[in-house]
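Please look through the structure below and follow the explanation with the model open beside the text.

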Amino acid sequence: MKITIVDLEVFYHVGVPDEERAKPQRLLLTVDMGFDFSAAVKTDGIVNTIDYFTVSQRLLKFGEGRSWKLIEKLAAEIADMVLSEFKPESVTVEVKKFPIPQARYVSVSLTRKM
């Protein structure tokens with residue numbers, strides 16, 4: 001079972017050249033969290049699952065005061081944060097960036113497990 005947040009729009013400082021990192025740029029994050037939420041199904045209680053609203057709020061603020069050169073590094077740091085703070089069994093993070101006008105997007109994705 002999994003919980004997925006799809007294409008959460010965030011604005012982070014990311015890019016190899018300093019000029020690119022100077023202003024936050026639009027990214028889309030997709031976060032898949034593998035989790036056994038059978039207890040939540042039985043109890044209908046949010047304490048037995050991952051609160052996706054809380055995860056999304058954390059992701060919206062994750063870039064404050066920070067910058068990355070590579071979206072690969074960003075994806076890894078997001079995955080580590082989600083694993084440590086929200087305790088899913090696994091997490092897959094996809095980061096979409098829009099640097100090439102002729103392409104819809106460029107993305108990286110990464111999967112980590114507890």
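Which residues on the other side of α3 are exposed? They are Phe53 and Lys61. Keep in mind that everything described here belongs to a predicted model.

The helix α3 also has buried residues, namely Val55, Ser56 and Leu59. Viewed down the axis of α3, these buried residues fall within an arc of 95°, so they line one face of the helix. A general rule helps here. An α-helix has 3.6 residues a turn, so residues three or four places apart point the same way. The buried residues of α3 pack against β1, β2 and α4. At the N-terminal end of α3, Asp51 acts as a cap, with a side-chain oxygen 3.0 Å from the backbone nitrogen of Phe53.

Next comes the sheet. It is open and made of five strands, in the order β3-β1-β2-β4-β5, with mixed pairing. The edge strands are β3 and β5, and each of these pairs on one side only. In general, strands of a sheet pair through backbone hydrogen bonds, either parallel or antiparallel. This sheet has examples of each kind. Strands β1 and β2 run antiparallel and are joined by nine bridges. Within this part of the sheet, Thr4 stands opposite Asp32 in β2. Strands β1 and β3 run parallel, with two bridges between them. Here Val14 stands opposite Trp68 in β3.

Trp68 leads on to the aromatic residues. How many aromatic pairs are there? The count comes to four. One of them is formed by Tyr12 and Phe62, whose rings are tilted, at 6.5 Å centre to centre and with 55° between the planes. Tyr12 lies in strand β1, while Phe62 lies in the loop between α3 and β3, so this pair ties together parts that are 50 residues apart in sequence. Phe62 also forms an aromatic pair with Trp68. That pair is stacked, with 5.8 Å from centre to centre and 15° between the planes. Tyr12 and Phe62 are buried, and Trp68 is buried too. Together, Tyr12, Phe62 and Trp68 form one aromatic cluster.

Other side chains meet this cluster. Arg66 lies over the face of Phe62, at 4.4 Å from the ring centre. Glu77, which is found in helix α4, has a side chain joined to that of Trp68 by a polar contact of 2.8 Å. If residues up to four places away in sequence are not counted, Glu77 touches Phe62, Arg66 and Trp68. A charged residue also lies over a ring elsewhere in the model: Lys96 is over the face of Tyr105, at 4.6 Å from the ring centre.

Where does Pro88 sit, and is this residue buried or exposed? Pro88 is in the loop between α4 and β4. Its relative accessibility is 1%, and since buried means under 20%, Pro88 counts as buried. Leaving aside neighbours within four places in sequence, Pro88 is in contact with Met33, Gly34, Phe35, Ile50, Val82, Leu83 and Met114. The chain also brings Pro88 and Lys113 to 8.1 Å apart in space, C-alpha to C-alpha, although they are 25 residues apart in sequence.

The last topic is the backbone. Most residues other than glycine have a negative phi, and most peptide bonds are trans. Which values of phi do Asp7 and Asp44 have? Asp7 has a positive phi of about 55°, although it is not a glycine. Phi of Asp44 is near 60°, again a positive value in a residue other than glycine. Asp7 is placed in strand β1, whereas Asp44 is found in the loop between α2 and α3. Asp7 is partly exposed, with a relative accessible area of 30%. Asp44 has a relative accessibility of 73% and counts as exposed.

To retrace the route, begin at the buried face of α3, which holds Val55, Ser56 and Leu59. Move from there to β1, one of the elements these residues pack against. Tyr12 in β1 then leads to Phe62, and Phe62 leads to Trp68 through the stacked pair. From Trp68, the polar contact leads to Glu77, and with Glu77 the path arrives in helix α4.

How values were computed: Residues are numbered from 1 along each chain as its sequence is written. This is a predicted model: local features need pLDDT of at least 70, side-chain atom pairs count only at pLDDT 80 or more; totals for chains, interfaces and linings use all residues. Side-chain values use heavy atoms; hydrogens and water are left out. Rings of Phe, Tyr and Trp (its six-membered ring) pair if their centres lie within 6.5 Å; planes under 30 degrees apart count as stacked, over 60 as edge-to-face and the rest as tilted. Helices (H or I, at least four residues) and strands (E, at least two) are DSSP runs, numbered from the N terminus. Buried means under 20% relative accessible area, exposed over 50%, partly exposed in between (1.4 Å probe, protein chains only). A charge sits over a ring if NZ of Lys or CZ of Arg is within 6 Å of the ring centre and within 35 degrees of the ring normal. A polar contact is a pair of N or O atoms within 3.5 Å; within protein, one must be able to donate a hydrogen and the other to accept it, and residues adjacent in sequence count only if both atoms are side-chain atoms. Contact means heavy atoms within 4.5 Å. The arc is that of the directions from the helix axis to the C-beta atoms. Two strands pair if DSSP finds at least two bridges between them.
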